[in-house]
Amino acid sequence: MQLNCDLGESFGNWRLGRDADVMPHLDQANIACGFHAGDPLTMERTLQLAATYNVSVGAHPSYPDLVGFGRRSMAMSAAELRAALLYQIAALDGVASCVGARLDYVKPHGALYNDMMAKDDVRSTVIASVAAYPKPLKLMIQATASAGEHREEARAKGVELILEAFADRCYDDDGRLLARSKPGAVHDHATMMSQVRRLVSDRQVTTASGAQLTLDVDTLCVHGDNDAGVQAIAQIRQIVDER
């Protein structure tokens, strides 16, 4: 089981996240590409940090929504979305090549990630965009009950998937995340650690209804925006390493 985290989300004088504290515990760093957060200097520094700790680098593109932090859906044509994705991927890839890092995969951010999982046409465009990039890149998406179908869909376009689960989120019976508007959508520390242990040992989660759901998981998404988050990631790293 790998650990991944969204990083490089500072912008100018606005600071977000504890990238330097989190990076040593990670396997994969999803780095913002400037459309929801991040700027050229932040991208460069985050990539240098990833290279220092030999952490795999992923582009973390979003809708062009800097004001909304990429959390608002946008009505974009397939051509517009494809161009926006390639622009962001290429920007991070270019900076990475200048600092001794290598781009390995793509993980969409925020509303784009959610739309990719909910809408076939958006997911098809994302997959096709990754496939169109002139170097092989993997695509990270959420592990759900439809993981097998998603793998086949991506494989048909020559794209390999990385399936992820979330350490701190409650699941519905279909393997999708419980909406944040519902009670219990975000786990407390104890419940999060219990879920991590189940995912690492059995690839299973207990859903909101109490059902046991098995997920095909390659990587676990963690968040380290504050002291508690950094400490939790260190604990999760230990759990993973003990396996």
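1. Two strands count as paired if DSSP finds at least two bridges between them. The model discussed here is predicted, and that criterion applies to the strand pairings below.

2. Strand 1 covers residues 2-7 and pairs with strand 2, residues 28-32. The sense is parallel, over 4 bridges. One residue pair to check on screen: L7 has I31 of strand 2 as its bridge partner.

3. Strand 1 also pairs with strand 9, residues 219-222. This pairing is parallel too, with 4 bridges. Here L3 lies opposite L220 of strand 9.

4. How many of the 6 residues of strand 1 are buried? The count is 5, so the strand is largely enclosed by the rest of the structure. Buried here means under 20% relative accessible area.

5. Helix 7 runs over residues 189-202, 14 residues in total. From first C-alpha to last, helix 7 reaches 20 Å. That is close to the 20 Å expected at 1.5 Å a residue.

6. Which residues of helix 7 are buried? They are M192, M193, Q195, V196, L199 and V200. They cover an arc of only 160° around the axis, so they sit on the same side of helix 7. The general rule is useful here: an α-helix has 3.6 residues a turn, so residues three or four places apart point the same way.

7. What do the buried residues of helix 7 pack against? Their partners are strand 6 (161-166), strand 7 (204-206), strand 9 and helix 8 (227-242). Strand 9 thus appears twice in this note: it pairs with strand 1, and it packs against the buried residues of helix 7.

8. Look also at R203, just after helix 7. R203 takes a positive phi of about 55°.

Technical notes: Residues numbered from 1 in each chain as written. Predicted model: local features only at pLDDT ≥ 70, side-chain atom pairs only at ≥ 80, totals over all residues. Heavy atoms only, no water. Buried < 20%, exposed > 50% of the residue type's maximum accessible area, 1.4 Å probe, protein only. Helix = DSSP H or I, 4+ residues; strand = E, 2+ residues; numbered from the N terminus. Expected span 1.5 Å × (residues − 1). Arc of directions from axis to C-beta. Contact = heavy atoms within 4.5 Å.
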